[in-house]
2 protein chains.
Amino acid sequence: MTSYDDPTKLTTPTMKYKSLQAIDARVHKERDIKSLFEPSSVAVIGASPDPDGVGHSILRNLMMGGFKGTIFPVNPKHKNILSMKCYASVLDIEDSLDMAVVVISGKLILQLLEELHQKGVSSAIIISAGFKEAGQEGVELEKQVHELAREYGISLLGPNCLGLINTDSKVSMNASFSRGMALPGNIALMSQSGALCTSILDYAKGNQIGFSKFISFGNKVDLNENDLLRYLAYDPKTQVILMYLEDLTDGMTFMHLAREVTSKYGAGKPILAIKTGRTNEGASAAASHTGSLAGSDEVYDAIMAQAGVLRVDTVQELFDYAMAFGNQPLPQSNRVAILTNAGGPGIMTTDACIRYGLQLSKFESTTIEMLKSSLPPTANVNNPVDVIGDARHDRYEAALQALLNDDNTDAVIVILTPQTMTDIEEIAQVVSRLAKDTEKPILASFMGWVDVSPGVKILRENGIPHYLFPENAAKVLATMATYKKWTKRAQTKERIFEVDRGKAHQVIQDTVNSERTLIPEWKALQILDAYGFPVLPSRLAKTKENLPSLCAQLGFPLVMKIVSPDIIHKTEANGVAVGVADLESALQTFEQLMNSARQYRPDAEIWGVMLQQMAKKGKEIILGATRYPKFGPIVMFGLGGIYTEVLKDVTFRLAPMRSENAQEMMSEIKGKKILNGVRGEAPADLEAIQECIERLSQLVVEFPVIQELDINPLIVSEYGASVADARIVLAEYDDLKELEKN
Amino acid sequence: MTSYDDPTKLTTPTMKYKSLQAIDARVHKERDIKSLFEPSSVAVIGASPDPDGVGHSILRNLMMGGFKGTIFPVNPKHKNILSMKCYASVLDIEDSLDMAVVVISGKLILQLLEELHQKGVSSAIIISAGFKEAGQEGVELEKQVHELAREYGISLLGPNCLGLINTDSKVSMNASFSRGMALPGNIALMSQSGALCTSILDYAKGNQIGFSKFISFGNKVDLNENDLLRYLAYDPKTQVILMYLEDLTDGMTFMHLAREVTSKYGAGKPILAIKTGRTNEGASAAASHTGSLAGSDEVYDAIMAQAGVLRVDTVQELFDYAMAFGNQPLPQSNRVAILTNAGGPGIMTTDACIRYGLQLSKFESTTIEMLKSSLPPTANVNNPVDVIGDARHDRYEAALQALLNDDNTDAVIVILTPQTMTDIEEIAQVVSRLAKDTEKPILASFMGWVDVSPGVKILRENGIPHYLFPENAAKVLATMATYKKWTKRAQTKERIFEVDRGKAHQVIQDTVNSERTLIPEWKALQILDAYGFPVLPSRLAKTKENLPSLCAQLGFPLVMKIVSPDIIHKTEANGVAVGVADLESALQTFEQLMNSARQYRPDAEIWGVMLQQMAKKGKEIILGATRYPKFGPIVMFGLGGIYTEVLKDVTFRLAPMRSENAQEMMSEIKGKKILNGVRGEAPADLEAIQECIERLSQLVVEFPVIQELDINPLIVSEYGASVADARIVLAEYDDLKELEKN
């Protein structure tokens, strides 16, 4: 197995966790995370009697949170804290110790790690700040801490974090300095921002939202989002995973791991993630279109899309989604019924549903009959169903039951406006009761604040997600449908084509030997040819004398282009001529191109003029690849020319990719209709494009030396495609061995 | 003055309300709206002692709301209600009567109107339902009610509405069957949905949001959104106007009126509007609900944009915006400073600011110095400013003061996360105090729910808009900046070009005489030529024998097109040839085109073949116009070809339009960069395009008989533009007099 092979290939429908375990075995070192989340005993290093101190908060939170194990305060300055015996050192604790929460700072931590090792402690949370966020000295300290922890096999959470909460009743641990314990629930949250955690906990407290695990992971010197994700994947108490991320430690691993977590045959748990820094400027100076278009945010979008992670922009969305994913079944598809007692909100919700990609379900005739028989004649029995302002719970019940029974309906949004006759609490009871007997999700919006609040309370207690405004319910339902589609997707594999790696290697080697990093078109096409791309037949004419025989081999008309490793922008140098019709023109053009090139750059090394058959008429596609240190190669696809340059209508995926990813790319661009043919044009050969995307993925995976690559344009006709121009830029590699993956 | 002239032309900087009054004089009949909003006495027709009845709710709400005038219950069945003397008929009331709230239904209302007229009542609210929303009989009744009310000069609000609330302490009237009185405030709300009003009132109650006027206008049989808007424009208690609309009664008037209301030299009051039915599904729901015809959504977008109305999608946005517009000054521009005690939320807010089109302000060096001197060294003194998790109110105060003093900063978003040390209430006090001494808007987000609530309360009491999540504050601020830009825009006028109306009239007349509605290219170009469009020189060759002299007049190369009123799609009929290079080809092409046309449609009347000079190379633009009954002519602009057909990158404005509107259209399309020239191309002649748009506006205003018009393409080069093809469709007019406006 080559090392870039997708480690999740082992996925099979029968072994739910098998593929996850495959990842574990491959990409994770052995980690004792269990003792971090489920310790039998915890020492608080730096426990303090000062009620304003963090060392006090932690101790108090552990006690008040009802921790089921034993707590050991450690602080040489005190004999007891909060009436508990206080130890001068962990080494003084007679009992065995699983985990330490650390609030002491700086160099002291290095000494502490020694003692924890001696004591046989296998995990610790470092709450203390003063590490890499505090400058160069902190960076150095963080490095030392990491090395020592690795050496001693101690799993570290933090530093610079709020801590950890596990609401599992068997553990009931609040190892954080939050203002209070989280309610139990099936949502896990992990956050790179500790401060955000305090806000989220306060918000959750006010909205009766519970958590299974609540993790602030700070500077992630040791345990990172991937380690935690793996733990949560197996955690039976966790059904939904929320993440707040500022960066990813290892994008490729995250992608593989998250894909397994979100997939039906993996853990089947939705992941909702905020990744900040959306607007950061991307790669500053790039030699290729792909390089300049692939800003870091697009890379994160690609990773999330490829992994089935639902990327959200705001904390509000995070909660809106989590309430539904955590409490309701997924809709089978995107057909939604709206039930309301007021027309206006019904229309607004209809608008929102369509805006977010849902369909209003068209009811079965039996449903309409049932609605007619139980609702007054002025009611609207079509979608959105309006039970009219004077409706009481009996009408809501009859209508909701009918909608849940309707085979064309996948989900129901229940809207209530507080009219004079509206029995809000009874209606909330009805919705809650009917929700228990259906496999379809129900989302509610009781519109208002004060009068509706007793009803909202009942809904919340019964796991019916409630939204202040029904548009939010529509948005959430659309995301649930998207996730359902992801879990139902056809799972394809990565295709490995038979290619001539040796030839590609040789061309790259030549360029490296010449101490250049740019591979010009003439040689780039040879590499692509070796990788099975449909390269247009081309010949290199070194001198005019070569022309007669080469032209005879190719036929007319021809494209002629200057070939020089020193001329990147051929058009700028007047180095391209199209539609060369006969030998006479070819001879003349040869002269012109050589002259132009010499004029443009007198010192340029000129290899000759390339002759190339004209492509069949077709649509111009751009394919490209670039590479980020943390993510590996990333592949771009888009419509060429103005669509790419002005409209930036391009999309990305990490390589290696599966066939499904190549297909998704083609269906994601805004101009996809152009591929299908507009104004009577024939459709483009999608299979040919897909194969090119997949071959490109293979190429950049097999040759890490390729830093950037543009195929621009790939001309695609109804049958087949042709590479008409290409450029490759190599990384500045010193060691030839790294050119190619073994 | 021609009748289509913009009635708002009288706008001058010195007379704030003059232009509004000009509109009043022109477009409004005399209406007694004052007696509706500020009556000295109100009769409740259909008052009832049944506590569940609407007739009781109204009476009780009037009493409990503290109405400053006299209330007269009217109901022949009762002697007194709620201890008040009850009258059998309004005619029995001895005192004078200003207004009636009507809850009786059906035909009884016709009789009542007679009595109200006799009693000298000049306005009434019809709460009762059972009108056009209830079917054909209701439509008929509504018509009768309207006619009678017009005849008697009674202003009617409703029917089928919740009623009206005026919180002005001089009136203090709750003439509605809402669950309670609104708090006083400077926000006016008018809604076409009564049920939505109940939700909005309940939401507002829970969030301490007050209203100046709260109006449910229902089926708007008489008073519509324009009448109410005019009233609110003058209302000194109203600073912000919120609208929930399902349709517009008269789009053209709304556009002119709203533009004056929102403009600095008009009333200068922002209008925030929800217009439902954005999607087709939504529109059909609107039709079945209120029986009102919803126009196409693009038309509404055009009207809103042209009038400076801020169109919003959700009730949440409506409130989010209203809280800020109602309480804070507008930012001078879009440069925002973020102040936070936590990094994560700061980054998220930065992302949101950029996403919504704001800029992060780059601080003056004095600001940075000031921040450095008052914040700890670990604080971030660049934007977003992070005062660090242990910040108390003193740091917030110093930093906020520095930011408000910064000349590069137009607005501040204050974020707080509830850390252990955070003195939430004191910080809220600081923000409130500093807000009193600045002309810059401050928006806040104290992130959380329970712990932050005392602080939020303080902010609310002091008019600091507070948002659960800071992303919403960013969105609101961006909209405030957009509105500020609108109020500061260069106000242009409508240009009236000197044109040959007579010639255009004649061509149209000819088509009408021939009993056709389609004006084919040959004649459409003549109309456009008469209106000063840059039409490519063309000649009509009726026979082959005409070709030599006509070709000599035009020169080569030429485009040749079949001319037939029966052939709409010339290309489909193989009726177009381009690049005709010489006379020989022209003769041959003539034959071919005639043959193709005869084959395509043997019975077609063929006028000959048009010869047309080739356009200079340039960009293809599409200009068009269409007409909706409620709105008049609407002009479209976009990039031609695939941009229009696939990407739907087009924009609309109502005609007649000002120069600024034509400019906006060109800057609104996504592909606007293409106009400016990409890949080294020269920019397109924007002035030429603008002039064409404005001439088109003039043409469709002056000839209401033009139902649809396409100029496709208009070919625009660096200097100048050329109409290369056009088509006009006439309305089915019987009366020639209506062809043209006088």
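Visitor: Which residues does B:Leu477 touch, not counting residues up to four places away in sequence?

Guide: In this predicted model, B:Leu477 touches B:Pro331, B:Val336, B:Leu358, B:Ala411, B:Ile413, B:Pro441 and B:Leu443. Touching here needs C-beta atoms within 7 Å, so each of those residues passes that cut-off.

Visitor: What makes B:Leu477 stand out in the largest nonpolar core?

Guide: That core has 482 residues, and B:Leu477 is among those that touch the most other members, along with A:Val431, A:Leu477 and B:Val431.

Visitor: How do you know that H11(A) is mostly covered?

Guide: Count the buried ones: 12 of its 13 residues. Buried takes 20 or more other C-beta atoms within 10 Å, and the residues of H11(A) that get there include A:Leu318, A:Phe319, A:Tyr321 and A:Phe325, plus A:Glu317 and A:Asp320.

Visitor: And what span does H11(A) reach from its first C-alpha to its last?

Guide: H11(A) reaches 18 Å, close to the 18 Å expected for its 13 residues at 1.5 Å a residue.

Visitor: Where do chains A and B meet, and how many residues does the contact take from each?

Guide: It takes 65 residues from chain A and 66 residues from chain B. On the chain A side, the elements giving two or more residues are H6, H11, H12, H22 and H24, with H12(A) supplying the largest share, 10 residues.

Visitor: Which class of residue does the side of chain A that touches chain B have, by count?

Guide: There are 27 nonpolar, 24 polar and 14 charged residues on that side.

Technical notes:
Residues numbered from 1 in each chain as written. Chains lettered and ligands numbered in written order. Predicted model: local features only at pLDDT ≥ 70, side-chain atom pairs only at ≥ 80, totals over all residues. Contact = placed C-beta atoms within 7 Å. Helix = DSSP H or I, 4+ residues; strand = E, 2+ residues; numbered from the N terminus. Nonpolar A, V, L, I, M, F, W, Y, C, P; charged D, E, K, R; others polar. Expected span 1.5 Å × (residues − 1). Core = buried A, V, L, I, M, F, W, Y, C linked by C-beta atoms within 7 Å.
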